[in-house]
Amino acid sequence: MALFHCNFFSDALGMQSNVEVILPDRPDPARPIPALYLLHGLSDDHTIWQRRTSVERYAGKYYLAVIMPNGHRSFYTDSDDGHSKYFTYVSEELPSLMESFFPLCRERDGRFVAGLSMGGYGAFKCALTRPDRYRAAASLSGVMSFPSAWERLDELKARVSEDMAHSPQCDLRLAAELAAHSASAGVSAVPDLFQFCGTEDFLYEENLAFRDCVRKCGLSLEYREGPGGHSWDVWDERIRDVLEWLPLSGKVAKTGAIGI
């Protein structure tokens with residue numbers, strides 16, 4: 001796999017931004033590369049997946065790009081004042097930029113998003129509120145209740161109003177209900193969802209509640225759980241499950257790519 005460190009100016013954020021990009025060593029000019037946007041958690045940055053897991057080695061089994069942006073402590077959410085548009089950045093601007101920089105697939109069926117903790121929230125938010133752009137999303141130990149996080153974190157209260165925190169733009173349960181209604185009315189497509197949480201994770205009950213909500217809505221969800229807490233040993237294992245689950249075609253690595 002090839003690794004790129006990208007620095008560029010983001011119009012949505014009004015500042016320089018950083019992204020790590022993993023690509024197949026020898027892309028096929030006739031075959032655009034599907035992309036997985038892999039989001040970090042609250043206390044991390046765009047380098048953390050590379051530092052704490054073997055995601056580059058795991059991704060070598062697939063014809064796939066892995067794009068890891070810096071979302072800072074934003075919860076991948078636009079601020080009410082419009083000065084920091086992190087959701088706009090990660091869901092719209094970033095894919096457009098990456099697809100102009102690299103030979104990536106520009107269709108919904110070749111665009112995926114995943115993440116852990118805050119990033120799991122961001123991944124499901126992208127897929128549920130923009131199902132026209134994302135084919136599938138995966139959450140590992142995700143924050144599944146934005147209103148609860150808003151109550152705990154003063155920095156979120158400074159960015160987002162209480163009304164917004166309890167709206168479908170931020171509340172994943174309401175977003176799931178709205179996505180299911182839109183899909184049943186034929187207005188939008190339905191993203192596939194993958195959810196994992198460890199049974200010793202402090203977000204376990206929150207994840208169970210969201211799982212039940214999604215199942216009640218009738219959305220496509222693969223739910224898994226297992227031993228473990230909110231830790232990298234769990235996520236290093238489970239990101240392999242996510243890669244295997246993604247609805248990709250041609251999952252065998254090209255000659256010369258690193259396999260597992």
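The points below comment on a predicted model, taking its confidence, one helix pair, two backbone features and one strand residue in turn.

1. On confidence, the protein chain has a mean pLDDT of 94, and 96% of its residues reach 70 or more. The stretch to read with care is residues 252-260, over which the pLDDT is below 50, although this stretch still has 18 contacts in the model beyond near neighbours in sequence.

2. On the packing of helices, helix 3, which spans residues 86-101, and helix 4, which spans residues 118-129, have axes that come within 11 Å and cross at roughly 65°. Because angles of 65 to 115 degrees count as roughly perpendicular, helix 3 is described as roughly perpendicular to helix 4. As for handedness, the crossing in which helix 3 passes helix 4 is right-handed.

3. On the residues behind that crossing, helix 3 contributes Phe87, Val90 and Ser91 to the contact, while helix 4 contributes Lys125, Cys126 and Thr129. Sorted by class, the contact of helix 3 with helix 4 comprises 3 nonpolar, 2 polar and 1 charged residues.

4. On the loop that joins strand 4 (65-69) to helix 3, a reader checking the backbone should look at Phe75, which lies in this loop. Phe75 is not a glycine, and yet its phi is positive, at about 55°. The relative accessible area of Phe75 is 3%, and the residue is therefore classed as buried, given that the cut-off for buried is under 20%.

5. A second positive phi, of about 50°, belongs to Ser141, which is likewise not a glycine. Ser141 is placed in the loop between strand 6 (136-140) and helix 5 (146-152). With a relative accessibility of 0%, Ser141 is also counted as buried.

6. On the first strand, Leu3 is found in strand 1, which covers residues 2-10. Is Leu3 buried, exposed or partly exposed? Its relative accessibility is 33%, so Leu3 counts as partly exposed, since that class takes in values between the 20% limit for buried and the 50% limit for exposed.

7. On the surroundings of Leu3, the residues in contact with it, once neighbours within four places in sequence are left aside, are Glu20, Val21, Ile22 and Gln50. Leu3 and Pro24 are separated by 21 residues in sequence, and their C-alpha atoms are 9.0 Å apart in space.

Note on methods. Residues are numbered from 1 along each chain as its sequence is written. This is a predicted model: local features need pLDDT of at least 70, side-chain atom pairs count only at pLDDT 80 or more; totals for chains, interfaces and linings use all residues. Side-chain values use heavy atoms; hydrogens and water are left out. Axes are lines fitted to C-alpha atoms, for helices over the stretch in contact, and angles run from 0 to 180 degrees between N-to-C directions. Helices (H or I, at least four residues) and strands (E, at least two) are DSSP runs, numbered from the N terminus. Angles under 35 degrees count as roughly parallel, over 145 as roughly antiparallel, 65 to 115 as roughly perpendicular and the rest as oblique. A crossing is left-handed if the near helix is turned anticlockwise from the far one by less than a right angle, and right-handed if clockwise. Contact means heavy atoms within 4.5 Å. Ala, Val, Leu, Ile, Met, Phe, Trp, Tyr, Cys and Pro count as nonpolar, Asp, Glu, Lys and Arg as charged, and the others, Gly among them, as polar. Buried means under 20% relative accessible area, exposed over 50%, partly exposed in between (1.4 Å probe, protein chains only). pLDDT is the predictor's confidence in each residue, from 0 to 100.
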